[in-house]
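Subject: Structure for you to look at

Dear colleague,

Here is the structure I promised to pass on, with my notes below it. Please read them with the display open beside you.

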Amino acid sequence: MKKILFFVFLAILWSNTGFSQESMANASHILNNNSTLYDKFQQGFANAKGTPYIQEEYTLASISGLTTNYMVKYNAFNDEMELLLEAKKVNYIQKEKGLVVTLKTNTPKAYVCLGYNDDQKKYRLGYFASAGVIKEGYLLFLKEKISFQEAKPPRSGYERPTPAGFKQPTYTFFVWESAAEQLIEVPRTKIGFIKMFPQRNLREFFKSGTYDLDVEEDLLQVVKYCYE
């Protein structure tokens, strides 16, 4: 029931953006106009260690507004959704607010393109993975991010140089308030929750059970309590 409710909210979110089925009837309408961006990325990081991807393989996915499924994977470094057009030919999906890309894995994973302010307070569009329903009009999303470490020379003759490469993913949760169309970053600690929601008796709530904020199901229960 919760899964059905969540995808109903996603459908409402998408429909509110003003997109039409007809305008997205062909895949070419959702591809980035600059088809060389992917090639430039691959060339620029050809020798880098690690991976910019949450999952290495392309996965069959549905894209809101299209009737055909495509092979897709998410690049968490440059926050782009890659679409495999044919053998070795890849392009980025054009970011559109409200666009939903659902990976058809054993446990389907939906990414929604939403507007947000980055670390420099600059507004941009990015992909957020669905993480659950808090209540009507409030959804929990996960932002996956992979950073890049430049090569570092050894600081002494006893050290080895550090090769350039991608770091391990980091994860940040956000609450989407549909009425205000805004994302609110979720605290990472229990003290952070207590300070952010002083009107809720969170000290007693945390004492009443074992809540691990690194466990998605536990975090969702805490957020639900905060927004009751």
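A residue is called buried here if its relative accessible area is under 20%, and exposed if that area is over 50%. Please bear in mind throughout that this is a predicted model.

With that cut-off in hand, strand β5, which covers residues 100-103, is a good place to begin: Val100 and Thr102 point one way from the strand, Val101 and Leu103 point the other way, and all are buried. This fits a general pattern, because side chains in a regular strand alternate between the two faces of the sheet.

Strand β5 also has pairing partners that you can trace in the display. Strand β1, made of residues 59-63, pairs with β5 in the antiparallel sense over 3 bridges, and within that pairing Leu103 of β5 is the bridge partner of Ala61. Strand β6, made of residues 109-117, likewise pairs with β5 in the antiparallel sense, in this case over 4 bridges, with Thr102 standing opposite Ala110 of β6. The connection from β5 to β6 is a hairpin of 5 residues.

As for the protein chain as a whole, it contains 5 helices and 12 strands, and 43% of its 228 residues count as buried. Among contacts with a separation of 6 or more, 53% are between residues 24 or more positions apart. The accessible surface of the chain comes to about 13500 Å², and carbon and sulfur atoms account for 51% of that area.

With best wishes

Methods: Residues are numbered from 1 along each chain as its sequence is written. This is a predicted model: local features need pLDDT of at least 70, side-chain atom pairs count only at pLDDT 80 or more; totals for chains, interfaces and linings use all residues. Side-chain values use heavy atoms; hydrogens and water are left out. Helices (H or I, at least four residues) and strands (E, at least two) are DSSP runs, numbered from the N terminus. Buried means under 20% relative accessible area, exposed over 50%, partly exposed in between (1.4 Å probe, protein chains only). Contact means heavy atoms within 4.5 Å. Accessible areas come from the Shrake-Rupley method with a 1.4 Å probe; for residues, only the protein chains shown count as cover. Two strands pair if DSSP finds at least two bridges between them.
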